[in-house]
Amino acid sequence: MAPSQNSQGIQTLLEAEKEAAKVVQEARQYRVQKLKDARAQADKEIEKYKLAKEQEFKKYEAEHAGKTQVSQTAVDKETDVALGKITSSFETNKDKVVDKLMDRVTLIKLELHRNLQKA
């Protein structure tokens, strides 16, 4: 082989290596760009999904807000009725309870405790 052919073969190999490195670099850039595009698309889809779910929740909340008010009103009425019963029971029985307490405190029976009584 002639030296010029060796030199030309080496030059061809170097050019082929440079071309291969260029192709590899372009492939890497293409892959990075595709990943960026995929992330951007995923972010858009996530944002769209969030908005849809938020609207769905607001719609649900609006539909059930009236039911909550009705339920709260019913519970308030039941509570008022129960408190009324308790108050009326208190008013009717407070004198009896006070009298019983006063009887227990003021009426003293003088007798030995059952453990001390002779059998």
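In which helix is the place of Lys96? In this predicted model, Lys96 lies in helix H1, which covers residues 3–106. Helix H1 has no strands for company, as the protein has one helix and zero strands.

The overall dimensions of the protein were examined next. The radius of gyration is 47 Å, whereas a compact globule of 119 residues would have a value near 14 Å. Along the principal axes, the C-alpha trace spans about 140 × 55 × 20 Å. The separation of two residues along the chain gives a further distance: Gln25 and Ala74 are 49 residues apart in sequence, and their C-alpha atoms are separated by 72 Å. Gln25 is placed in helix H1. With a relative accessible area of 38%, Gln25 is partly exposed, because this value falls between the limits of 20% for buried and 50% for exposed.

Solvent accessibility was then considered for the whole chain. Of the 119 residues, 0% count as buried. The protein exposes about 11,900 Å², and 58% of this area is supplied by carbon and sulfur atoms.

The protein carries 23 positive and 20 negative charges, and the mean positions of the two sets are 5 Å apart. A positive patch on the surface is made up of Lys96, Lys100, Arg104 and Lys109. Within this patch, Lys96 has a relative accessibility of 53% and therefore counts as exposed, since the limit for that class is over 50%.

Side chains of opposite charge can pair when their charged atoms come close. A search of the whole structure gives three salt bridges. One of these joins Lys53 to Glu56, with 3.5 Å between the closest N and O atoms. Both residues belong to helix H1 and are three residues apart, so about one helical turn separates them. Lys53 has a relative accessibility of 38% and counts as partly exposed. Glu56 also falls in the partly exposed class, at 49%, a value that does not pass the limit of over 50% for exposed residues.

A salt bridge is also found between the side chains of Lys58 and Glu54, with an N to O distance of 3.6 Å. Here the spacing is four residues within helix H1, which again places the partners about one helical turn apart. The acidic partner, Glu54, is partly exposed at 43% relative accessibility.

Further along the chain, Lys94 and Glu91 meet through their side chains in a salt bridge of 3.4 Å, N to O. These two residues of helix H1 are three residues apart, so they too are separated by about one helical turn. Lys94 is partly exposed, with a relative accessibility of 33%. For Glu91 the relative accessible area is 42%, and this residue is likewise partly exposed.

In summary, the predicted model contains one helix and zero strands, and its radius of gyration of 47 Å contrasts with the value near 14 Å for a compact globule of 119 residues. None of its residues is counted as buried, the share being 0%. Charged side chains form three salt bridges, and a positive surface patch includes Lys96 and Arg104.

Key
Residues are numbered from 1 along each chain as its sequence is written. This is a predicted model: local features need pLDDT of at least 70, side-chain atom pairs count only at pLDDT 80 or more; totals for chains, interfaces and linings use all residues. Side-chain values use heavy atoms; hydrogens and water are left out. The radius of gyration is taken over C-alpha atoms; the globule rule is 2.2 Å times the number of residues to the power 0.38. Buried means under 20% relative accessible area, exposed over 50%, partly exposed in between (1.4 Å probe, protein chains only). Accessible areas come from the Shrake-Rupley method with a 1.4 Å probe; for residues, only the protein chains shown count as cover. Lys and Arg count as positive and Asp and Glu as negative; His and the chain ends are not counted. The place of a charge is taken as NZ of Lys, CZ of Arg, CG of Asp or CD of Glu. Patches are made of residues with over 30% relative accessible area and no salt bridge: like charges are joined within 9 Å, nonpolar side chains (Val, Leu, Ile, Met, Phe, Trp, Tyr) within 5 Å. A salt bridge is a side-chain nitrogen of Lys or Arg within 4 Å of a carboxyl oxygen of Asp or Glu.
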